[in-house]
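Thank you all for making the time this morning. I would like to walk you through one chain, starting from its overall layout and then moving to a handful of individual residues.

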Amino acid sequence: MKALLSTQLSVATDPDMSNLQSPILRDLYNFWLGLGTGDGLPARSDFVPTDLPARLLPHIAIVDVIRDGDGLNFCWRLVGTHSTSHTGRDVTGRHFDEIYTGENFDNIIAPYVWVVQNAMPLRWHGNAQFVEKEWMMVEIVGMPLASDGRTVDKIFLGVYYAPQSE
């Protein structure tokens, strides 16, 4: 798969989870909250995707955080069918710097970087456009996972795409 130069993303970020609009994303956020084990962040090993109700599974994604010196890269570990059907592609196993290039790259990865640096959930919402697709409204909640309870090594995502008319 070649780099997807025409991926565009125009989103606003919001750390206030009470602003989640999608009931699906609120359910995923509440699931993540239920994974908590004391003061630390939950780990990926604290759940298996089948722990989730079946109606939520298409809306999840898991991103690996790759630390390279002072820099960060990300890799799609799991991408739900809601995302693959709306974007027209399955990027599972692909690194972000392989598939998102060009001047919009920093904009695309900024929410993921924020989740890693702040070790807190983040909502982002706005418009997305993918190769040969119309602009779509998107709402995403990124929730940190940490094997050691502190250092974010994965991001658990809830994703909801809607047509512009919604």
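I will begin with the fold as a whole, then turn to the core and one helix, and finish with some loop positions.

Please keep in mind throughout that this is a predicted model. The chain has four helices and six strands, and if you follow it along the sequence, these elements come in the pattern β-α-β-β-α-α-α-β-β-β. Of the 166 residues in the chain, 48% are buried. If we take the contacts between residues at least 6 apart in sequence, 57% of them join residues at least 24 apart. As for the surface, the chain exposes about 8,200 Å², and carbon and sulfur atoms supply 50% of that area.

Let me move inward to the core. The largest nonpolar core has 47 residues, and those with the most contacts inside it are Phe74, Trp76, Phe96, Tyr112, Ile155, Phe156 and Leu157. At least two residues of this core come from each of H1, strand E2 (60-68), strand E3 (71-79), helix H3 (96-99), H4, E4, strand E5 (136-145) and strand E6 (154-163). The largest share, seven residues, is supplied by H4.

Phe74 is a useful place to look at how these parts meet. Setting aside residues up to four places away in sequence, Phe74 touches Val63, Asp64, Val65 and Ile66, then Arg94, His95 and Phe96, then Ile109, Tyr112, Val113 and Val116, and also Ile155.

That brings me to helix H4, which covers residues 105-118. Does the length of H4 agree with what we should expect, or disagree? At 1.5 Å a residue, its 14 residues should span 20 Å, and the end C-alpha atoms are in fact 20 Å apart, so the two values agree. The helix nevertheless bends by about 35° at Pro111. Pro111 is also one of the buried residues of H4, along with Phe105, Ile108, Ile109, Tyr112, Val113, Val115 and Val116.

Just after H4 comes Ala119, which takes a positive phi of about 50°, and I point this out as a positive value in a residue other than glycine. Ala119 sits in the loop between H4 and strand E4 (122-129). With a relative accessible area of 26%, which lies between the 20% and 50% cut-offs, Ala119 is therefore counted as partly exposed.

Now to the loop between strand E1 (8-14) and helix H1 (23-34), where we find Ser22 and also Pro15. Is Ser22 buried or exposed? Its relative accessible area is 6%, and because buried means under 20%, Ser22 is classed as buried. A polar atom of the Ser22 side chain lies 3.2 Å from the backbone nitrogen of Ile24. Leaving aside neighbours within four places in sequence, Ser22 is in contact with Glu139 and Tyr160.

Pro15, for its part, has 45% relative accessibility and counts as partly exposed. Which residues does Pro15 touch, once those up to four places away in sequence are not counted? They are Trp114, Pro121 and Leu122. The C-alpha atoms of Pro15 and Met120 are separated by 7.8 Å, although the two residues are 105 residues apart along the chain.

Another pairing of this kind involves Gly40, which is found in the loop between H1 and E2. Gly40 and Ala146 are 106 residues apart in sequence, while their C-alpha atoms are 8.2 Å apart in space. At 27% relative accessibility, Gly40 counts as partly exposed.

My last residue is His82, which belongs to helix H2 (residues 81-87). His82 is buried, with a relative accessible area of 10%. Not counting its neighbours within four places in sequence, His82 is in contact with Pro58 and His59, and also with Val159, Tyr160 and Tyr161. Tyr160, you may recall, is a contact of Ser22 as well. The C-alpha atoms of His82 and Ala61 are separated by 9.7 Å, with their positions 21 residues apart along the chain.

To close, I would return to H4, which bends by about 35° at Pro111 and gives the largest share of the core, seven residues.

Notes. Residues are numbered from 1 along each chain as its sequence is written. This is a predicted model: local features need pLDDT of at least 70, side-chain atom pairs count only at pLDDT 80 or more; totals for chains, interfaces and linings use all residues. Side-chain values use heavy atoms; hydrogens and water are left out. The expected span of a helix is 1.5 Å times one less than its number of residues. The bend at a residue is the angle between axes fitted to the seven residues ending there and the seven starting there. Buried means under 20% relative accessible area, exposed over 50%, partly exposed in between (1.4 Å probe, protein chains only). A polar contact is a pair of N or O atoms within 3.5 Å; within protein, one must be able to donate a hydrogen and the other to accept it, and residues adjacent in sequence count only if both atoms are side-chain atoms. Contact means heavy atoms within 4.5 Å. Accessible areas come from the Shrake-Rupley method with a 1.4 Å probe; for residues, only the protein chains shown count as cover. A nonpolar core is a set of buried Ala, Val, Leu, Ile, Met, Phe, Trp, Tyr and Cys residues joined through side-chain atoms within 4.5 Å.
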